[in-house]
Amino acid sequence: MTQMQMDKPKLYTPEGGIVLHNDNFVPGGIPYANNVANILRSQLNRVKRTGPSFAELYGLNAGYLEGVMKGENPMTPEIVQAVERHSPLSAQELIAPGYRNRVPLIDDSKDGVVIVTAQQRASTERTTQRGPEGRNFYKYGDPSMQRYSPIIPEWIQELYVHDGVNPDTPDWAFNKGHRERQTTIFIGDVNFHWIDKEGNKYVVQTNTGDANYIPPFVPHTFTTRDGNGLILAITGLGAIGTQGFQQKIQGMTLQEYQNIVQAELPMLAEELATDKLNGIMFRRYADTSTSDAGAYTMRTLMDGIPYQPNSRAVEINVKQGGNPESLDIDTPTDKWGYNTGNVPVVLYWESHQQELGPGDSFSIQTNVPFAVRNTNGLEGKLVMMEVNPEKEDPMDLIALINRHAGQKGVDRVHSEVMQWF
Ligand SMILES: [Fe+2]
C-alpha cells in the first residue's frame, strides 16, 4: 500500500541517536526504511501486541504510535528503543536495508537457548476482545522467543465458548489469515475453525495432543467447549522470510513481484496433504504412534507438511534421569518446546543445565545439540516443534498459498499491513 509509505526516509539525528538496550550508540544519520510504518505494524503483529498495549508497556504515546504505523507521524528514537527492548523484535528491521549492518542484531540467548518460566509468561498475560459486544476472546501470554530463531511461538487460552459443532461461526470471530504459516498443538477442549478459499466455514472439536497445520492466509480461529482450552503454536514466515528472499522482493513493485511469481511458480502435485480438509491439516492424537529413541519415547504429532521436509511436532516422554552422557537431540532445525507434564525435567546444552518446570517453554537455535533428562525417576513430558526454513523453497510456499488463499494471498506475501490477530 504505497499511500501508507513515507514520502522520504526519516533520519536518525546525531543528537537523538539510537541507544540500544546494551548502550550501543549508532552515530551519524541512519535512514529508516521507506516502509518503516508497515514494518512497525508487522512487528507488533508478530508479538501479538496492539498499539495501545505496546505503548503502555514502554510508556509511549498510543495516539502518536498509531500515527507512526499509519505513516502520518515520523518515527522517534523512543519507539526504536522500545522495539529493541522487545525481543524478538529488533531495531535493525526499521533501518533502510543498505544501512542495517550498522545496527547490530544482538543475540539475546544463552548460548543458543532461551527458557521462559510459567511464572514469567503469566506476567505477560493479556486478554483480547472480539465481536460487536467486545466479548473476551483470547488470553495471550509470551512464551520463550529469541532473535536468532525464525519461530514465533504462541501461548493462547481460548475464552469464547462454542459447541464445536456448528461451523457457522460469525465472521468477527475469525482472523483474516496471516502471512506466517502455523503449526498448533491442542491442550484441553479446543475447537479449531477455518475458512477455505471459497469462503466455506469448518470446525473440528480437538482434544489434548491433537495437532494441525495452517498455511499462510487461511483465516482461522479457536474457541473452547468447556473453558479449558489452550493452544501452543509456532508460526513463522518460513522460506518467504529468509533474508535472501526478502532482499529479492523488497525492492520490487507489486507488479514486478507478480511477474516474477508468474514466471517462477512451480506446478504442485495433484493432491497435497492440505487438500483433504480444504486447506489445512489436522491429526488426532489417537492416530499417532510412538517410537523408542534411547532416553526418550517420541510420538510424532504432525509431519508430512507440504514442502516443509524438516518440520514436525513431537511429544517427548523423558525416560532417563541424571546427567546425559551425550547431547542426544541434534537435528538441524530451530526448535521450540513446552513442558506439558506435571513434573520438572532438566535441559542440558553446551556446559549448561537448567530446569524446565511444568508450563515452562524453551527456544533452541539450529545446530545447538541438547539433551533432556528427568528428575527423581519421574517420567517427564514435553512437546516440541521444529522447522528449517533454509531447507525450503519460497516459490513452493507461494504455490501452496496460491492453492489455498488464491491470488489475494499471493499478493499479501509482498505487502502485508493489516492487524490480523
Ligand atoms: Fe494463527
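**Exercise 1. Place strand β13 in its sheet.**
Task: Find which residue of β16 stands opposite Trp 336, then work outward to the whole sheet.

Solution.
Step 1. In this predicted model, Trp 336 stands opposite Ser 363 in β16.
Step 2. Widen the view to the strand pair. β13 and β16 run antiparallel and are joined by four bridges.
Step 3. Turn to the other neighbour. Strand β18 (residues 380-387) is joined to β13 by six bridges, again antiparallel. Here Lys 335 stands opposite Glu 386.
Step 4. Read off the full order. The sheet is open, has seven strands and runs β1-β16-β13-β18-β12-β11-β10, with antiparallel pairing.
Step 5. Look at the edges. β1 (113-116) and β10 (290-293) each have a single partner strand, so one side of each is left without a neighbour in the sheet.
Step 6. Add the twist. From one strand to the next it averages 20°.
Step 7. Check the β1 edge. β1 pairs with β16 (residues 361-364) in the antiparallel sense over four bridges. Val 113 has Ile 364 as its bridge partner in β16.

**Exercise 2. Judge the cover on β13.**
Task: Decide whether the residues of β13 (residues 334-339) are mostly covered or mostly open.

Solution.
Step 1. Count. Six of the six residues of β13 are buried, so by the cut-off of 20 or more other C-beta atoms within 10 Å the strand is mostly covered.
Step 2. Split the residues by face. One side carries Asp 334, Trp 336 and Tyr 338, and these are buried.
Step 3. The other side carries Lys 335, Gly 337 and Asn 339, also buried. Both faces are therefore covered.

**Exercise 3. Trace a three-stranded sheet and a loop proline.**
Task: State the strand order of the three-stranded sheet, then list what Pro 324 touches.

Solution.
Step 1. The order is β15-β14-β17, in an open sheet with antiparallel pairing.
Step 2. β15 (352-356) and β17 (370-374) stand at the edges with a single partner strand each, so one side of each lacks a neighbour in the sheet.
Step 3. Neighbouring strands here are turned by 25° against each other on average, direction ignored.
Step 4. Strand β14 (residues 345-349) is joined to β15 by five bridges. Within that pair, Leu 347 has Gln 354 as its bridge partner.
Step 5. Now take Pro 324, in the loop between β12 (312-318) and β13. Apart from residues up to four places away in sequence, Pro 324 touches Tyr 348, Ala 371 and Arg 373.
Step 6. Compare sequence with space. Pro 324 and Arg 373 are 49 residues apart in sequence, yet 7.1 Å apart from C-alpha to C-alpha.
Step 7. Classify Pro 324. It has 18 other C-beta atoms within 10 Å, so it is partly exposed.

**Exercise 4. Find the nonpolar cores.**
Task: Identify the residues with the most contacts inside the largest nonpolar core.

Solution.
Step 1. The largest core has 72 residues. Those with the most contacts inside it are Ile 185, Ile 231, Leu 232, Ala 313, Leu 382, Ile 398 and Ile 401.
Step 2. Helix α8 (residues 394-414) gives this core its largest share, eight residues.
Step 3. Follow one member. Leaving aside neighbours within four places in sequence, Ile 185 contacts Ala 211, Leu 232, Leu 301, Ala 313 and Val 383.
Step 4. A second, separate core has 22 residues, including Ile 30, Tyr 32, Ala 55 and Ile 79.

**Exercise 5. Sort the backbone exceptions.**
Task: Which of Phe 217 and Asn 376 is buried, and which is exposed?

Solution.
Step 1. Recall the norm. Most residues other than glycine have a negative phi, and most peptide bonds are trans.
Step 2. Phe 217 has a positive phi, near 65°. It lies in the loop between β7 (211-214) and β8 (220-236). With 27 other C-beta atoms within 10 Å, Phe 217 is buried.
Step 3. Asn 376 also has a positive phi, about 55°. Its loop runs between β17 and β18. Asn 376 has 7 C-beta neighbours inside 10 Å, so it counts as exposed.
Step 4. Add the peptide bond. Ser 87 and Pro 88 are joined by a cis bond, with omega about 10°. Pro 88 sits in the loop between α4 (77-85) and β1.

**Exercise 6. Decide where to read with care.**
Task: Which stretch has pLDDT below 50?

Solution.
Step 1. Take the average. The chain averages a pLDDT of 90, and 92% of residues score at least 70.
Step 2. The stretch is residues 1-27. Beyond near neighbours in sequence, this stretch has 52 contacts in the model.
Step 3. Apply the rule. Where pLDDT is low, predicted coordinates should not be read in detail.

Notes
Residues numbered from 1 in each chain as written. Predicted model: local features only at pLDDT ≥ 70, side-chain atom pairs only at ≥ 80, totals over all residues. Pairing = 2+ DSSP bridges. Helix = DSSP H or I, 4+ residues; strand = E, 2+ residues; numbered from the N terminus. Axes fitted to C-alpha atoms, helices over the stretch in contact; angles between N-to-C directions. Buried ≥ 20, exposed ≤ 12 C-beta atoms within 10 Å, placed from the backbone. Contact = placed C-beta atoms within 7 Å. Core = buried A, V, L, I, M, F, W, Y, C linked by C-beta atoms within 7 Å. pLDDT = per-residue confidence, 0-100.
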